[in-house]
Amino acid sequence: ADVDIAASAIGVNAAEFWQVIEAAGATQFAARPITLFMLLEDLQNREAFTDVLDLFHRACRRMCMEDRQRQEAGRAGTLGPGERLLIAGRIALLMILGAKHRLVLGTLDGGDSSLQMDTILRGYERLADSGKALSRRDVIEVASTGLFTGRGHDSIAWVHRSVMEFLAAWYLNQKQVSGRQALGFLLHSGSEDQRVVPQLEG
């Protein structure tokens, strides 16, 4: 109902709007004001919905700059949108490869289904805009954006699985990982028929 009201307020036919975003697989973005208005604006230009990858990228970029807690506290983040997306992509890939459903920001062990902060910080990752090493503070800044939603004390999850899947693929592309290398992450090494690793099925 809220979406229909917003659409009517700017002269957009609500039924037509739903038809277009459903065809683009973008209904999840209508649930958040920051991306809803992007979609409503885009409806004026139908070509914006023909490139689904571009649509997802623009929506994720907008969500990664949504940071209500810092805005309410009067504190600006230190990361640019490109850096936030890169960190989000790293988190997304690690969660998919590890079959994790939640990200734990504190020191408590969230169990086998949770991705721990130390795992994200492990290895080598440099932020594109500044060249500095990834820090715990950077991860927390990204975790407080519109890309995630709360799941209890110090535990968060992606706002939608499609966002995680897109950002994981986008991250691999940014790191110039080839299709063959990407399949190496996903396929069971001992499977002659190249089956997907059991934890990643579905």
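Before I start, one definition: helices, meaning H or I runs of at least four residues, are DSSP runs numbered from the N terminus, and with that in mind we can place Gln-176, which is found in the loop between α9 (161-174) and α10 (179-186). Please remember throughout that what you see above is a predicted model.

Let me stay with Gln-176 for a moment, because at 72% relative accessibility this residue counts as exposed. Its phi is near 60 degrees, a positive value in a residue other than glycine. Most residues other than glycine have a negative phi. Ala-99 is another residue to look at here, since it is not a glycine and yet has a positive phi of about 55 degrees. You will find Ala-99 in the loop between α6 and β1 (102-104), where, at 23% relative accessibility, it counts as partly exposed.

Now let us turn to the interior. In soluble globular proteins, nonpolar side chains tend to be buried together. Here the largest nonpolar core has 55 residues, and those that touch the most other members are Phe-17, Leu-39, Ile-91, Leu-147, Trp-158 and Leu-167. Helix α6 (residues 81-97) gives this core its largest share, 9 residues. If we take Leu-39 and leave aside residues up to four places away in sequence, the residues that Leu-39 touches include Phe-17, Phe-29 and Phe-49.

Finally, is Glu-141 buried or exposed? Glu-141, whose place is in helix α8 (residues 136-143), has a relative accessible area of 1%, and therefore counts as buried, the limit being under 20%. A polar atom of the Glu-141 side chain lies 3.1 Å from the backbone nitrogen of Thr-78.

Terms used: Residues are numbered from 1 along each chain as its sequence is written. This is a predicted model: local features need pLDDT of at least 70, side-chain atom pairs count only at pLDDT 80 or more; totals for chains, interfaces and linings use all residues. Side-chain values use heavy atoms; hydrogens and water are left out. A nonpolar core is a set of buried Ala, Val, Leu, Ile, Met, Phe, Trp, Tyr and Cys residues joined through side-chain atoms within 4.5 Å. Buried means under 20% relative accessible area, exposed over 50%, partly exposed in between (1.4 Å probe, protein chains only). Helices (H or I, at least four residues) and strands (E, at least two) are DSSP runs, numbered from the N terminus. Contact means heavy atoms within 4.5 Å. A polar contact is a pair of N or O atoms within 3.5 Å; within protein, one must be able to donate a hydrogen and the other to accept it, and residues adjacent in sequence count only if both atoms are side-chain atoms.
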